[in-house]
Amino acid sequence: GSGYDPRGAFTRHGHEVSLDEATDLVEVTRAIALCNDSSLRETDGVWSIDGDPTEGALLTAAMKGGLDLRKAQQALPRTDAIPFESQHRFMATLHHDHLGHGFIFVKGAPERLLEMCASQRDGDNEQRALDRDTWLTRIDEIAAKGQRVLGVAVKYTVADHCELTFGDVETGLIFLGLIGLIDPPREETLEAVRQCVAAGIGIKMITGDHAATAAAIGRELGLENAGAALTGRDIDALSDEELSGAASRATIFARTSPEHKLRLVKTLQEQGQIVAMTGDGVNDAPALKRADIGIAMGVKGTEAAKEAAEMVLADDNFASIVQAVHEGRVVYDNLRKCIMYMLAISSGQALTIVAAVAFGEALPITPIQILWVNLVDSVTLGLALAFEAAEPNIMDRPPRSPKEPIVSRYLLGRTAFVSVMVLVATFGLYELETMHGADVETARTVAVNTLVACGIGYIFSVRRLVASSISWDGFFGSRPVLIAVGLIVVFQALFTYAPWLQTLFGTSGLGFRSWLSILAAGAAVFAIAELEKAARRHKDRTESKARPVAKGSVLADRLGAFALLFIAGGWLYHSVMNSPTIVSATGVVSPVSDKAIAVTAQASGVVQSVYCDPGMKVAKGHLCAKLDPGPFDDVVKREKDALAAAEATLASNKTSLAAAEADLDRKTTLAKRRAVSRKALDASRRAVAQGQARVRQAEAAVAERREALAATEAALGRTDVLAPSEGIIVARNIEAGQTIATDVATPLFLLATDLAKVRVAIEVADKEAGKIEVGDAAIITAAALPGKRFAGVVTGIRRIEPDKNGVTYEVAIDAANPGQLLEPGMTTNVKIDVDARDALTP
């Protein structure tokens, strides 16, 4: 039969045997069925057990022998029992039949039962003296076949015996026979053991079975030193020092107790080993708790074992442990790959920035471009490594030291090595583009794409930590990596050519030559990284004296890497050696100085507001600035008050004059009649003359006040600074709150009205200025005018006072401006081909 299905039979010499034909078998099957705590059940035609698998196998054997379990249990109900414990290594049950006869059935380790027996039952169901040596020989024979051996015994007792004690079974038992049980290892277990050995994981079998049984199973599993098993008695006889050596040499430990298991775990841990312990019983709990990794069986394991363990196997399969080790190594490898990739690319990026600062160059990558690389490119490629499949040799290498940090010396060394390669590629191509006369946006676009290309090249190399990646599987074996690389290609195309991303990140489109250089840089990084791995593999084989890899494979890897490096390096060398000497820089457009109109102050005062900025187009009369009108308002008010007072005085004087003239007329009339004296008439005449004088004086004062008021109102009107003509503001020399005066020669604004010719001033370093001569041709472009090129010529070179960046020179380039497209304040890119010396007249 198979499994727990009770359909089957016993055979002897190839023929089936029934209980009626073998009376000795009746006693054995009844004993193993009644001295048993498990039960069988059938569900949908499938038989299973409730309880211990060994006891389930015994029940199945009894039923295959023809025993009716229910009738046997009813005929001999249990009265008491001694459960199995590893200390005494047997189980005993007390039964009584309905006639009052008592029976004690015992099963357990056969050596232990032989010590408790005084006689044996022979094949004729007769009782005779125990032949211990014969039974011991039979035990060894059965155990040598890899079978677990159980002994079965019986003892008869009286009807009033109702409590079972150890004293009842220590002596006087009748030995009934031996039972061999076999649980052949699963096929996947054999393969799992082989993988453990290849992975440097030592396997030690600790069991309570007979030493010969354990040795046979060990040989079947392919364990080392399986021929010699160390028993519990041997362990007890060894000191701690002796056990340390024995535990290292031996792989099989038989007839062990919980104390032995715990002592073995401690001994191996003291040697610095990481110990994983499996178990399913209550007696395994101490060792499971002590081990570095306690592994309990989830199906047949006890709750005590599961509570003590750190891991529970859902399928009770040893192969699951090996698979967990395999997955753990995959996760650890992928974590190292992610760290190795992220550190190398990020460090190369940082070194590029540091190098630019150290050499006083413009930053090859702007902060927002760094953010793009880190958040979009690096994260996408780094995540792909988390889904990498296992490397082919992942279970063929020894375990790492528990003291080894995840960021090892090798990882740091390789990170530094690759970082330098990324620095050389990124900064080198940035400088190469500037040598070709590219503007800073184009050079930075090349730098960013080179950094990403280096990351793509390196990710294919880092997929294999040490093994070669020059193979079909190395390039196309990872779907996540291919998807990530495809996404990055799309992202970088948008980054380079999408107008809205160009505006956001300051990039520009690249030509075919630039892309060839970028791809060559990525391929060079991959090839050099592969050569470094090949050198490491050679070093490891030399140090370990391991079996060498096939020469053809090694040669192919190296030739592939050298070929790739030769092609990529050749293109980069060609690009560098054939590049023209071009000085490139950025500058701001300004009008030629004699073509600008100065806007000066028409009134003195404090600037209240400024409305015009450089680059602004203005019409004639446009309000560009306004002075604070408060002081002028006060003066106007005072002048108006003074005018009103003068006019009031004038009115009063005119009234007085009219009265004097009326008095004179009256006295003149009276004088004709000689009614008034001449003296009174003369007084009236003098009064009129004085009144007239006062009126003339008041009129003069009123006229003066009116002139003063007109002047102050005119001054109030001049607080508005207006553009004298149509044009573009090219310079502003005032700020709000500034005090200005009409007698200061500095203009408030410069207004360009004639932009037929413009000037661009650039600053270049000392070494670059030495290459430029007055008259050199220049090409001016502007990001705001895509596709437009303006011919210019160098008209002046002026040394600027040294600062922290060293000595620099200002180079002036004058250029024709057809259509007046170049506007003052516009940022442009200037390329001066110092090799051509083709002076172009603007």
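T134 sits in helix α5, which covers residues 132-144, in what is a predicted model. The residue is partly exposed, with a relative accessible area of 40%. Its C-alpha atom is separated by 40 Å from that of I201, a residue 67 places away along the chain. Helix α5 is also one of the elements against which the buried residues of helix α8 pack.

**Overall form**

- The protein contains 25 helices and 31 strands.
- Its radius of gyration is 54 Å, well over the 28 Å that the globule rule gives for 842 residues, so the protein is more spread out than a compact globule.
- The C-alpha trace spans about 200 × 85 × 55 Å along the principal axes.
- Of the 842 residues, 44% count as buried.
- Taking contacts between residues at least 6 apart in sequence, 70% join residues at least 24 apart.
- The accessible surface comes to about 42,700 Å², and carbon and sulfur atoms account for 57% of it.
- There are 88 positive and 103 negative charges, and the mean positions of the two sets are 12 Å apart.

**The parallel sheet β12-β14-β13**

- Three strands form an open sheet with parallel pairing, in the order β12-β14-β13.
- The edges are β12 (205-206) and β13 (230-231), each of which pairs on one side only.
- Strands of a sheet pair through backbone hydrogen bonds, either parallel or antiparallel.
- Between β12 and β14 (residues 252-254), which run parallel, there are 2 bridges.
- I206 stands opposite F253 of β14.

**Helix α8**

- Helix α8 spans residues 211-221, and 8 of its 11 residues are buried, so this helix is largely enclosed by the rest of the structure.
- The buried residues are A211, T213, A214, A215, A216, I217, G218 and L221.
- They pack against three helices and strands outside the sheet described above, namely α5, β10 (148-157) and α7 (187-198), and against β12, β13 and β14.
- G222, just after α8, takes a positive phi of about 85°.

**Positive phi outside glycine**

- Most residues other than glycine have a negative phi.
- R89 has a phi near 60°, a positive value in a residue other than glycine.
- R89 belongs to the loop between β5 (78-82) and β6 (90-96), and with a relative accessible area of 22% this arginine is partly exposed.
- R255 is not a glycine either, yet has a positive phi of about 50°.
- The loop that holds R255 runs between β14 and α11 (258-270).
- Is R255 buried or exposed? R255 is buried, because its relative accessible area of 17% falls under the 20% cut-off.

**Helix α10 and residue D240**

- D240 is found in helix α10, residues 240-249.
- This aspartate is exposed, with a relative accessible area of 52%.
- D240 and T267 are 27 residues apart in sequence, while their C-alpha atoms are 7.6 Å apart in space.

**Helix α14 and residue D333**

- D333 lies in helix α14, which covers residues 318-358.
- With a relative accessible area of 4%, D333 is buried.
- Which residues does D333 contact, leaving aside its neighbours within four places in sequence? They are E391, I394, R397 and L465.

**Strands β27 and β18**

- In a regular strand the side chains alternate between the two faces of the sheet.
- Strand β27 (residues 757-765) has such an alternation: V758, V760, I762 and V764 point to one face and are buried.
- K757, R759, A761, E763 and A765 point to the other face of β27 and are not buried.
- Strand β18 (residues 582-591) is joined to β27 by 5 bridges, and the two run antiparallel.
- One residue pair across these strands is V588 with its bridge partner A761 in β27.
- A761 is thus named twice here: as the bridge partner of V588, and among the β27 residues that are not buried.

Key
Residues are numbered from 1 along each chain as its sequence is written. This is a predicted model: local features need pLDDT of at least 70, side-chain atom pairs count only at pLDDT 80 or more; totals for chains, interfaces and linings use all residues. Side-chain values use heavy atoms; hydrogens and water are left out. Helices (H or I, at least four residues) and strands (E, at least two) are DSSP runs, numbered from the N terminus. Buried means under 20% relative accessible area, exposed over 50%, partly exposed in between (1.4 Å probe, protein chains only). Two strands pair if DSSP finds at least two bridges between them. Contact means heavy atoms within 4.5 Å. The radius of gyration is taken over C-alpha atoms; the globule rule is 2.2 Å times the number of residues to the power 0.38. Accessible areas come from the Shrake-Rupley method with a 1.4 Å probe; for residues, only the protein chains shown count as cover. Lys and Arg count as positive and Asp and Glu as negative; His and the chain ends are not counted. The place of a charge is taken as NZ of Lys, CZ of Arg, CG of Asp or CD of Glu.
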